[in-house]
Amino acid sequence: MYQYNKAEYLRRMQWFREARLGMFIHFGLYAIPARGEWVRSNEKMPEEDYLPFFHHFNPKHFDATQWAKTAKAAGMRYLILTAKHHDGFCLFDTATTDYKSTNTPFGLDIVREVLDAARAEGLRVGLYYSLLDWHHPDYPHYGDRNHPMRSDERHTNAGRIFSRYIEYYQSQVRELCSNYGKLDIFWFDYSYDHLRGEAWEATRLVNMVRSLQPGIILNNRLEVSGEGYGSLAEGNPTPYHGDFITPERMIPPEGIRNQQGEELFWETCVTMNNNWGYCRDDRCFKSPEMILRKLVESISKGGNFLLNVGPDGNGAFPPEAVEILSFLGKWMETNAESIYGCGRSSLSKPEFGRYTQRGKTLYLHLFENALGPLPLLGIRKEEIESAVLLHDYSQCPISTSWVHSDYPHITFLDLGPYPNLPDQTDTVVKITLK
């Protein structure tokens with residue numbers, strides 16, 4: 001039986017802290033109606049109205065290799081794919097149901113295709129798996145606050161045996177842990193109301209997962225949802241504690257610490273627009289510049305950044321997503337060392353941007369320039385060994401200008417005479433301390 005051991009826990013989390021940036025991919029039948037992954041629930045759509053999407057599922061532009069190469073080029077270090085979402089449709093060749101991608105006109109095991117392609121690109125891999133299932137007859141229907149038939153009295157829960165569903169979903173997790181090679185992350189989603197922890201028979205589940213996939217990392221949603229931290233954060237880890245905390249579509253204002261003030265592992269999962277699955281009419285895409293700065297903000301607070309893509313019904317990444325990923329990749333070509341393996345700085349947030357830090361190396365992310373030399377509050381001149389722009393590795397000497405003579409106790413850097421930063425979104429100054 002699994003028991004928490006802090007030293008072992010920190011060892012298995014080391015790669016996760018180093019990686020910092022990952023890609024989430026939400027793909028399934030919901031890409032065809034193109035109104036988001038919650039379309040069945042939001043519209044209280046009966047099963048018979050949703051099943052035609054199963055019979056039409058044939059994403060002709062699906063290319064797992066291209067997905068993986070795009071993720072790597074964008075600077076991602078790991079990739080997490082939805083093996084099964086709330087609608088119950090499986091993207092893998094399971095023996096437990098016919099409701100799977102290999103039975104559609106497409107015919108392929110999408111999980112296998114994507115995991116193999118991601119590993120070939122050197123990415124760590126993980127699977128998302130929804131604990132909910134709106135297709136399974138034994139999952140609660142009437143009265144469940146998420147089920148599409150929650151308000152339809154014809155769909156009573158008489159004869160629905162939840163223990164049969166438990167066996168069903170745990171059999172699927174066993175298949176995923178047994179048949180698809182080494183998994184680095186299992187991302188469960190999610191607990192709510194009375195369906196938490198042992199309601200899912202979570203101890204049995206985790207013992208099985210960890211026995212089949214030694215060293216795997218689990219999120220905290222066997223206990224909580226996107227809100228709540230879980231038992232590890234509370235200082236009393238259950239056998240099914242989450243290895244990391246999962247804030248959703250927001251960045252914790254001060255990062256996340258436990259009651260003793262120790263930093264916890266966390267990962268914010270972020271949509272590019274307002275939906276996880278493809279939504280044709282959702283044009284509320286965040287700008288590439290905003291996405292980059294929010295990535296930096298997450299790292300500066302000690303967290304990871306999991307950026308989602310929702311491929312369309314043909315299996316293609318939306319052009320807006322491609323633009324954002326391309327922008328990230330270009331910036332990472334020069335500035336990746338300020339992200340990978342970095343975390344919170346001991347210094348306060350600077351006025352002009354953010355700090356990330358690795359050991360004695362500070363990375364000052366400048367979102368705007370100073371008027372005149374750049375003040376470095378909290379750093380003494382004699383502490384600095386060197387300062388360079390990552391943009392071209394040119395030196396940034398300590399300023400001796402008369403304009404800051406009124407502030408002799410503050411260190412200023414000379415970034416040169418040009419008023420505009422080399423990168424208007426985020427110019428990084430690497431400061432090596434003695």
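These legends go with a handful of close-up views of a predicted model.

**View 1. The largest pocket has a volume of about 510 Å³.**
Let's start with what surrounds this space. Its lining is made up of 23 residues, and those closest to the pocket's centre are Leu 10, Glu 262, Glu 263, Leu 264 and Phe 265. Helix 1, which runs over 6–19, and strand 8, at 353–358, each bring at least two residues to this lining. Helix 1 gives the largest share, with 5 residues. Sort the lining by class and you get 7 nonpolar, 9 polar and 7 charged residues.

**View 2. The second largest pocket comes in at about 340 Å³.**
Here 22 residues do the lining, and Trp 38, Tyr 190, Arg 221, Glu 248 and Trp 276 are the closest to the centre. The classes split into 7 nonpolar, 8 polar and 7 charged residues.

**View 3. Phe 62 and Trp 67 make an edge-to-face pair.**
Across the whole structure, a search turns up 33 aromatic pairs. In this one, the ring centres lie 4.9 Å apart and the planes meet at 80 degrees, so the pair counts as edge-to-face, a label for angles over 60 degrees. Two things are used to describe any such pair: how far apart the centres are, and the angle of the planes. Are Phe 62 and Trp 67 buried or exposed? Both of these residues are buried.

**View 4. Phe 62 and Trp 67 also belong to an aromatic cluster.**
Step back from the pair and you can look for the other members: Phe 27, Phe 54, Phe 57, Phe 89, Tyr 99, Phe 106 and Phe 317 join Phe 62 and Trp 67 in one cluster.

**View 5. Two arginines have their charged ends over tyrosine rings.**
Look for Arg 77 first: its charged end sits over the ring of Tyr 340, 3.5 Å from the ring's centre. Then find Arg 210, whose charged end sits over the ring of Tyr 2, at 4.4 Å from the centre.

**View 6. Cys 177 and Cys 269 are cysteines in no disulfide.**
How many disulfides are there in this model? The count comes to 0. For Cys 177, the nearest cysteine sulfur belongs to Cys 90 and is 14 Å away, whereas a disulfide needs two sulfurs within 2.5 Å. Cys 177 has 4% relative accessibility, so it counts as buried, the cut-off being under 20%. For Cys 269, the nearest cysteine sulfur is that of Cys 279, 18 Å away. Cys 269 is buried too, with a relative accessible area of 1%.

Technical notes. Residues numbered from 1 in each chain as written. Predicted model: local features only at pLDDT ≥ 70, side-chain atom pairs only at ≥ 80, totals over all residues. Heavy atoms only, no water. 1 Å grid on protein atoms, 1.4 Å probe; cavity = no way out; pocket = protein on both sides within 12 Å on 5 of 7 lines; lining within 4 Å. Points joined across faces, edges and corners; volume = space filled by probe spheres on them. Helix = DSSP H or I, 4+ residues; strand = E, 2+ residues; numbered from the N terminus. Nonpolar A, V, L, I, M, F, W, Y, C, P; charged D, E, K, R; others polar. Phe/Tyr/Trp six-rings, centres within 6.5 Å; stacked < 30°, edge-to-face > 60°. Buried < 20%, exposed > 50% of the residue type's maximum accessible area, 1.4 Å probe, protein only. Lys NZ or Arg CZ within 6 Å of the ring centre and 35° of its normal.
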